[in-house]
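Hi,

Here is the structure I promised to pass on. Have a look at it first, and then read my notes underneath.

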There are 2 protein chains.
Amino acid sequence: MEQNKLEVVLTPALLPLYEAHGKIVVVIDILRATSSMCVAFHTGVTKILPVSTPEECRLFKDFDFLCAAERNAIKVQGFDMGNSPFEFQNPLIKDRNIAFTTTNGTKAIKAAKEQGAAVVAIGSFLNLNAMAKWLVKQQKSVLLVCAGWKDKYNLEDTLFAGALVNLLKNDFTIECDSALSAGLLYETASANLEAVVRKSSHAQRFKLTSIHEDDVQFCLQHNTMNLVPVMQGEYIVCPSQVAV
Amino acid sequence: MEQNKLEVVLTPALLPLYEAHGKIVVVIDILRATSSMCVAFHTGVTKILPVSTPEECRLFKDFDFLCAAERNAIKVQGFDMGNSPFEFQNPLIKDRNIAFTTTNGTKAIKAAKEQGAAVVAIGSFLNLNAMAKWLVKQQKSVLLVCAGWKDKYNLEDTLFAGALVNLLKNDFTIECDSALSAGLLYETASANLEAVVRKSSHAQRFKLTSIHEDDVQFCLQHNTMNLVPVMQGEYIVCPSQVAV
């Protein structure tokens, strides 16, 4: 039997070059959308609705959603939450629905869905091993899509893609150079991951805004939760049947 | 005085996200267009005209050009040359003009010019040190543009970008994550460059076509020539004043 393929898409701008139909697309926005989503489900959120704009996001307040909006690494004024994982640890969000819009992550999630992915899943270092085990069980080809920064490449998303590549290399056919590079990068950086990521443009951006000092460290923790959020229709959910 | 910037563009599909006006764009197609162009000038070619299609390329036969055309790693039938560096070592090409079309390299060169680069230069491992010294002298910001493979990322072009980044990091401000990653990748792979590149999708493609066995090794040689080809109008030339 032919093995399923694993490919890495380094930025959403390159997604149109790849075939997504029938595949699982794992969306990766380590700093911070997909990390925060994992935290939200770990805290007990019911479902998350990714939306395109803060304006659209605000509409869902009328339907008893919590509304989270981030632009350029900063919480948009007047919203319940921004995009820091610590905000999603608040026990008050348990059993609530969240409408969520971010600069890169929610955009990549919507793009993956529009391009016909069979399943869209949410990856972060926090659920790395759970994601790897779940992907092996699905018996489908996989695209790892890095959300990047405004369609440009970023380091931390690629490092996570590389971590997954290295866990999955015996279970998938991996022929693409992006996957090969991501795997090499993670191998090189893993002993010193935080220092490498702190050099990145995104972490530098956090430094300039003088917030989220601890977010980088938090989002680089490996395997703190055993869950795999996936899209069902327009929502991201985390049903027990996909937890591993 | 503020330092000039150095950025790495991982595929031509991402070039529209970058400002090219007033900058030097170094086009990189290690396997094999920009390596072969360096060889051609080393052999004594007068000028190279990058063209978009084999049909357009063929027209220049009437004007006493040699015509070189490659598609999908194979020489197009009926042309004087394909894209192997060994073909450009033939002393018969000395003082001739060449019209040249390739799958990725010539396309990236034309894209860089259309996007308003002040200067387009031709980089390869063969002229790595010459390129680094020349770039420092120009006192302009620099984009390193990897030609990739059909707009997708490739490993060998990124490794060369990383080699240049590592040579230039004290002379330029380097803030972009692609440059940081490329530098790390080259640092990791350089001791074993040929083995790493032979794993790449492009080298695998060569293997399948059973040709160019020696091209990979040839194109990974460092600093075998002391020249910097640049565009002047529609042509690539290698005037003595830019040699270092």
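Below is what I found, starting with the contact between the chains and moving on to single residues and pairs.

Some housekeeping: this is a predicted model, in which local features need pLDDT of at least 70 and side-chain atom pairs count only at pLDDT 80 or more, while totals for chains, interfaces and linings use all residues. Residues are numbered from 1 along each chain as its sequence is written, chains are lettered from A and ligands numbered from 1 in the order in which they are written, and side-chain values use heavy atoms, with hydrogens and water left out.

**Where the chains meet**

Chain A and chain B each put 26 residues into the contact (heavy atoms within 4.5 Å). Together they bury about 2100 Å², 70% of it on carbon and sulfur atoms; buried area here is the accessible area (1.4 Å probe) that two parts lose on being put together, summed over both. On the chain A side, Lys152(A), Tyr153(A) and Asp177(A) lose the most area to chain B, together 26% of what that side buries.

There are zero salt bridges across this interface (a salt bridge being a side-chain nitrogen of Lys or Arg within 4 Å of a carboxyl oxygen of Asp or Glu). What you do get is five residue pairs in polar contact, both residues at pLDDT 80 or more. A polar contact is a pair of N or O atoms within 3.5 Å; within protein, one must be able to donate a hydrogen and the other to accept it, and residues adjacent in sequence count only if both atoms are side-chain atoms.

Helix 5 (155-168) and helix 6 (177-189) of chain A are the elements that give two or more residues to the side touching chain B. Helices (H or I, at least four residues) and strands (E, at least two) are DSSP runs, numbered from the N terminus. The largest share of that side, seven residues, comes from helix 6 of chain A.

**Asn154(B)**

Find Asn154(B) in the loop between strand 8 (142-146) and helix 5 (155-168) of chain B. With a relative accessible area of 0%, Asn154(B) is buried (buried means under 20% relative accessible area, exposed over 50%, partly exposed in between; 1.4 Å probe, protein chains only). Its side chain makes a polar contact with the side chain of Glu156(B) at 3.1 Å and reaches the backbone nitrogen of Asp157(B) at 3.0 Å. Not counting residues up to four places away in sequence, Asn154(B) touches Asp177(A), Gly148(B), Trp149(B) and His202(B).

**Salt bridges**

Over all chains, the whole structure has 16 salt bridges. In one of them, Glu234(A) pairs with Lys113(A), the closest N and O atoms being 3.1 Å apart. This pair links distant parts of the chain: Glu234(A) is in the loop between strand 9 (230-232) and strand 10 (235-237) of chain A, and Lys113(A) is in helix 3 of chain A, 121 residues apart. Glu234(A) is partly exposed at 43%, and so is Lys113(A) at 32%.

Arg198(B) and Glu194(B) form another, at 2.9 Å between the closest N and O atoms. These two are separated by about one helical turn, because they are four residues apart in helix 7 (residues 193-198) of chain B.

Cheers
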